[in-house]
Amino acid sequence: MNFLEERILKDGIVKPGNVLKVDSFLNHQMDIALMEEIGREFKRRFADKNITKVLTIEASGIGIAAFVAKEFNVPMVFAKKTKSINIDGELYVAEVESFTHKNKNHVIVSKKFLHEDEHVLIIDDFLANGCALQGLISIVESAKAVVEGCGIVIEKGFQYGGRAVRNMGYPVESLAIIDAMDADNGTITFREQN
Ligand code: G4P
C-alpha cells in the first residue's frame, strides 16, 4: 500500500452514493507535507517526460498542481469554470458536465498561457467520469500542445473516466485507484498497482 492509500484508509470517509470524503487532508483542509509527497511522486512517475507546463482545473486541483509544478520547475495554469462566455478568440474553451453536480460549465484557459510548443502534464484530485479531464485534454489539443500525461490523486475505478481516457491513448497515472467502497462498513478496496 502506498502513502496515499494509507492516508485514505486512515482519514477518508465513505459516504453513501459512492462518495469519498477526503476534505480533512486533500480538498478542503490540505496536509502540506502530503502535498509535497504527491508532487514528488508525480515527478517520479513522469520523470522521462519533458514537461513544460502543469495544467489543472479550479478549485481543488490548484493546490495539488502547485506542488507538482514546483517539482518540475515549470509554471502551473488552472482552467477557470464559468457559466457564460464571450468567445472573443483569446480563450481556449471546453464544455464540462459535472456528473456529481448535474450542471454544465464552460472551462477556459487564456491563449496567453498555453502554446503550441508546450508539453503538458494535467493534474486533478479526482477522476470519476472524466468530464473535467476530457475538457482539459481538449483544451491542450486546441492549443496544438502535447498532453504528456494525466496525474490523478484518486481515481474511482468503478466509474468510466479512467478507462475512457486511457483508451484514447493518454497515459494516466493515479496514485490510488478505488475499485469499491462500502458506506455501511466504511471499507475501501484499492486496485493493485505496480
Ligand atoms: P468527472 O469530472 O471525473 O466527470 O467528475 P464528476 O463530474 O463525477 O465529479 C464532479 C466533482 O466531484 C469534481 O469536482 C470531482 O473532483 C468531485 N468528485 C467526484 N467524486 C468524488 C468523491 O468521491 N469525493 C469527492 N470528495 N469529490 C468527488 P468539482 O466540483 O468539479 O471540482 P472542485 O471545485 O470541487 O474542485
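The paragraphs below lead from the nonpolar cores to the strands, then to the ligand and to two individual residues.

This is a predicted model, in which local features need pLDDT of at least 70 and side-chain atom pairs count only at pLDDT 80 or more, while totals for chains, interfaces and linings use all residues. Residues are numbered from 1 along each chain as its sequence is written, and side-chain values use heavy atoms, with hydrogens and water left out.

A nonpolar core is here a set of buried Ala, Val, Leu, Ile, Met, Phe, Trp, Tyr and Cys residues joined through side-chain atoms within 4.5 Å, where buried means under 20% relative accessible area, exposed over 50%, and partly exposed in between, with a 1.4 Å probe and protein chains only. The largest such core has 31 residues, of which L4, I8, L20, L26, I38 and I154 touch the most other members. Two or more residues each are given to this core by α1 (3–11), α2 (32–45), α3 (61–72), β7 (119–127), β8 (146–156), β9 (172–182) and β10 (187–190); helices (H or I, at least four residues) and strands (E, at least two) are DSSP runs, numbered from the N terminus. The largest share, five residues, comes from α3. Apart from this core lies another, of 26 residues, which includes L55, V109, I137 and V172.

L20 shows how the largest core is joined up: leaving aside neighbours within four places in sequence, L20 is in contact (heavy atoms within 4.5 Å) with I8, G12, I13, V14, F126, I154, I178, M181 and I188.

Strand β3 (residues 53–57) is covered on both faces, since K53, L55 and I57 on one side and V54 and T56 on the other are all buried. Two strands pair if DSSP finds at least two bridges between them, and β3 pairs with β7 in the parallel sense over three bridges, with K53 opposite V120. Four bridges also join β3 to strand β4 (residues 76–82), again running parallel, and there V54 stands opposite M76.

Strand β5 (residues 91–98) has a different pattern on its two faces, in that Y92, A94, V96 and S98 point to one face and are buried, while L91, V93, E95 and E97 point to the other and are not. This strand pairs with β6 (residues 103–110) in the antiparallel sense over eight bridges, and V96 has N105 as its bridge partner. The two strands form a hairpin with four residues between them, and K102 in the turn has a positive phi of about 55°.

The ligand is surrounded by 21 residues, the closest being L20, S60, F99, G130 and K156, where a residue counts if one of its heavy atoms lies within 4 Å. Oxygen atoms of the ligand lie 3.5 Å from a polar side-chain atom of S98, 2.9 Å from a backbone N or O atom of A128 and 3.0 Å from a polar backbone atom of N129.

Q159 sits in the loop between β8 and α5 (161–167) and is buried, with a relative accessible area of 14%. Not counting residues up to four places away in sequence, Q159 touches F99, A128 and N129.

E71, in helix α3, is by contrast partly exposed, with a relative accessible area of 32%. Leaving aside neighbours within four places in sequence, E71 is in contact with G39, R40 and K43.

Terms used: A polar contact is a pair of N or O atoms within 3.5 Å; within protein, one must be able to donate a hydrogen and the other to accept it, and residues adjacent in sequence count only if both atoms are side-chain atoms.
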